Amino acid sequence: MRQRKPVVHEYLAVIPDKLGGGSTSCRCPYARGARWTTRLIATRASLSLGSLSRRLIPVLALVGSTEILARNESTDEADQEVAPIVVTATVGPGPLEETAASVTLITRAQIEASQPRTVTELLRQVPGLHIDQPGARGSVSSAYVRGGDPNFTLVLLDGLALNDPTNNRGGSFDFSTLDLDSIERIEIVRGPVSDVYGSTAMSGVINIITRRGDKPVKSLEGTAGSFGFGRVLANFSDSTGVTDYALSASATDNGDPVEGSGFRGTVFNANVGRVLSDRMEMRSTLRYASSDLESFPEASGGPQFAVRRETEKRDVDQLSLGIEFFRQQSATSDYTVRLGLYDQRSDIVSPGVAPGVRDPVGIPPTITANQYSRADLKFRYTIHRLDALRLSVGADVESEIGSSVGSLLIGGVTTPTSFDLKRDNWGANIEVAFIVKRGLLLRGGVRADFPDGFDSEVSPRVAFAYRVPVNGVTLRASWGEGFKLPSFFALGNPIVGNPGLLPESTRSAELGLRVPLQGGRATVDMALFSSKFENLVDLAEGPPPRLVNRSEVTARGFEMGLAVNPRPDTTISAQLAYVKTHIRGTDEPLLNRPEWRGGIGVQWRPHATVSVNFDVLYVGRMFDSSIPTGEVVLNPYTRANVTMTWRARGRQRYFLAIENLFDADYQEAIGFPAPGISLRVGVRASR
C-alpha cells in the first residue's frame with residue numbers, strides 16, 4: 001500500500017438580502033445565455049419573493065461551506081458576468097447553501113489574476129487538496145484529496161468523467177495533460193460523493209467547467225518564458241441570444257526546466273448552445289487534446305538518482321463530447337437528458353528502472369498501447385420549491401471498454417501484458433433538500449449502482465446546516481459512504497492483475513463551522529473530517545506478485561480558511577490543512593501525503609487597469625520512495641509566486657509572472673528537483 005503512488009439548467013436571480021442590506025446574485029451550474037436567463041427570471045417571478053426571503057435568505061450564509069479563492073473582480077470580459085454560486089455536490093442544480101458540503105470554487109477572475117502555467121499550479125491553493133508535479137510538466141501529476149489516493153478523486157470536464165481505468169495508477173487522472181484553455185471555473189468537492197456520481201468519487205470530485213459565449217470576442221494570446229516555454233492561444237465567442245458559441249485552440253511547449261522533462265500539446269475546445277424555445281435548450285461541448293510527454297519513470301529516482309538515463313515517453317490523445325437537452329416543464333420542475341462520450345488513447349515507451357535498494361529486480365522496460373472508451377446516458381428530473389423543498393431524481397447507464405496491448409522485457413524474454421475488458425453499470429439516485437425552519441437545512445441523498453460482475457452498491461449521504469440568526473455563525477455536518485470499482489488494469493493485467501478483486505469503499509464524517517467577522521468583511525471557515533478506507537487494492541510481492549484487497553487506511557484532520565477584504569482594492573485569503581493518515585496493522589507511512597499544508601494569497605488592485613497577485617504555499621515534510629534510494633523523507637518547502645497584469649487601451653492585456661520567486665530548492669518526488677525561479681511574459685489582444 002505504501003508504495004502505491006498513485007448541460008444542466010441554470011437560473012439567475014438577484015434577491016434582496018435582508019441580512020446584509022445588499023443583494024445576492026445566484027447563478028446555478030452551467031450558465032445559460034443572458035436572454036434565456038432573463039426569460040427564466042420572468043417565469044419564476046410568480047413565486048413569492050416574500051416567501052423566498054422568509055425561508056431561503058436565512059440560509060444564504062451557508063456558503064460557509066465554500067472557500068472562494070477569487071473575490072476581486074477582474075477587469076476583462078470575465079468581470080462582466082454575475083459571480084456564480086454553483087453546486088457540483090448534488091444530483092440536480094440548486095443554490096450552494098443546499099449542499100452543506102465542503103466546496104471550493106475557483107473563478108475565472110482567479111485564473112486571470114494568477115495567470116498560472118498549468119491547472120496543477122491553479123489547484124495548489126485549495127484547502128485539503130495536495131497536488132504534486134514531480135520535476136516539471138511531462139511527469140504524472142496527481143491530486144490527493146484529504147489523504148486519499150489519487151484514484152479516489154473523480155475528475156470531470158463539464159460533467160463528463162476523464163479518469164482512465166486502463167492505466168497502472170488505478171484509474172487516477174494525470175493533470176499534466178490539462179490546459180487552462182477556456183476554463184470558466186473549477187469546483188472542488190471534498191468528501192465522498194458516490195451518492196451522486198457512483199464509483200471513483202470516494203475522496204471528492206474536481207469539476208472543470210468551460211466558458212460559454214455571451215458576446216462577440218476574438219482574442220489572440222502569446223506567452224514566452226524561461227527554459228524555452230512558449231504558448232499561443234486563440235479564442236472566438238459570440239451570442240445572439242438564441243445561439244451561443246465559444247471556441248478555443250492552443251499549442252504549448254513547456255521547454256526543458258528540469259533535465260529529462262518535456263511537454264508539447266495542442267488543444268481544441270468548443271462549447272455551443274441553442275435555445276429551442278422558451279422552455280427548451282440544447283448544448284454540446286467538445287474537447288480534443290494531443291499531448292507528447294517525456295520524463296524519467298516513476299520511482300526511478302529522477303534525474304538525480306536514475307541509473308538508466310533514458311526517459312519515458314508518452315503520447316496521449318483525448319476526445320470528449322457531451323450533448324445535453326434541457327426542458328423546463330413548469331415554473332417549479334424541469335428535466336435534463338445528457339449523452340457523454342469519451343475516448344483516450346495512450347502509447348507509452350518506458351526504459352524501466354534498474355535494480356536498487358528497494359527492489360533487487362527493478363522494473364523491466366515496457367511498451368504499452370492503451371485505449372479506453374466510455375459512453376454514458378444520464379437523466380435527471382428536478383422539482384424546485386424554493387420556499388422549502390428541492391427534490392431531484394436521476395438515472396444513468398454507462399458502458400466502458402478498455403484494452404491494453406503491450407509487453408515487458410524480462411531477462412531478454414518478451415512477456416505480453418495485454419488485456420481487453422468491458423463493463424456496464426446502471427445507476428439511480430434521489431436527493432432531497434428541505435428547509436425545516438428559519439436557518440435550518442436538512443439534506444439527504446442515496447444512490448444504487450448495479451455494475452457488471454459485482455454486487456450492487458448503495459451509497460448514502462446525509463447533511464444538515466444551521467445558521468444562528470443573531471450572529472450569522474453557521475454550523476454544518478455531513479456523513480456519507482462511497483465506493484470505487486477495481487480498475488481494468490487491476491482486474492486484467494496478466495502479470496499482477498486479479499479478477500477476484502472487490503470494490504474499495506469509504507465512510508466519512510465531517511463537522512464544519514463558519515464565523516463572519518468585522519461586519520462581514522472577514523470570514524473564518526473550519527472543518528473537521530474523519531475517513532476510513534477499506535478493501536484497498538495493494539500489491540502482494542509474492543512470488544508471484546499480485547494485486548489483492550488487504551489494506552485499511554484512516555485519514556483524519558482539519559481544514560481552515562480565512563478570507564479578508566480590508567479595503568475595496570485588496571483581498572487576502574489564507575488556508576491551513578492538517579491530515580494524519582494511518583495504515584492499519586503497521587507503522588509504515590503513506591507516501592506523498594504531507595501532514596501540514598498552508599498558504600496565503602493577496603490580490604491588490606492599485607489602479608483600475610493594474611492588478612498584482614502574490615501567493616505563498618507551504619508544504620510540510622512527507623515520505624517518498626524510489627527504487628535506487630528506498631524510503632526517504634522529503635523536506636518541507638515554501639514557494640512564492642507573483643503576477644502583475646495591465647489592461648491597456650484597445651482591449652490589450654499584458655502580464656508578467658515570476659514563479660518560485662525566491663528560487664526555493666525542493667523536491668515533490670525523490671530525485672526530481674523542482675524548477676528554479678522562472679519568468680513568463682504574455683500579451684492578449686482582443687476585439
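Q: In this predicted model, does S333 count as buried or exposed, and at what relative accessibility?
A: The general idea is a cut-off: a residue is called buried when its relative accessible area is under 20%. Here S333 has 7% relative accessibility and therefore counts as buried.

Q: Where does S333 lie, and which residues is S333 in contact with, leaving aside its neighbours within four places in sequence?
A: As general background, the side chains of a regular strand alternate between the two faces of the sheet. In this case S333 belongs to strand β17, which covers residues 333-350, and, once neighbours within four places in sequence are set aside, S333 is in contact with Q328, Y381, T382, I383 and H384. The side chain of S333 also makes a polar contact of 3.0 Å with the side chain of S330.

Q: How many residues does the largest nonpolar core have, and which of them have the most contacts inside it?
A: That core has 37 residues, and L123, L129, F175 and I186 are those with the most contacts inside it. Elements giving two or more residues to this core include α4 (119-123), β5 (129-132) and β9 (183-190), while α7 provides the largest share, 4 residues. For I186, the contacts beyond four places in sequence include V119, L122 and L123, together with I206, N207 and I208.

Q: In what sense do strands β19 and β20 pair, and over how many bridges?
A: Strand β19 (residues 389-410) and strand β20 (residues 413-416) pair in the antiparallel sense over 4 bridges, and P416 in β20 is the bridge partner of S407. The hairpin of β19 and β20 has 2 residues between the strands, and in this hairpin G411 takes a positive phi near 60°.

Technical notes
Residues numbered from 1 in each chain as written. Predicted model: local features only at pLDDT ≥ 70, side-chain atom pairs only at ≥ 80, totals over all residues. Heavy atoms only, no water. Core = buried A, V, L, I, M, F, W, Y, C linked by side-chain atoms within 4.5 Å. Buried < 20%, exposed > 50% of the residue type's maximum accessible area, 1.4 Å probe, protein only. Contact = heavy atoms within 4.5 Å. Polar contact = N/O pair within 3.5 Å; in protein donor to acceptor, adjacent residues only side chain to side chain. Pairing = 2+ DSSP bridges.
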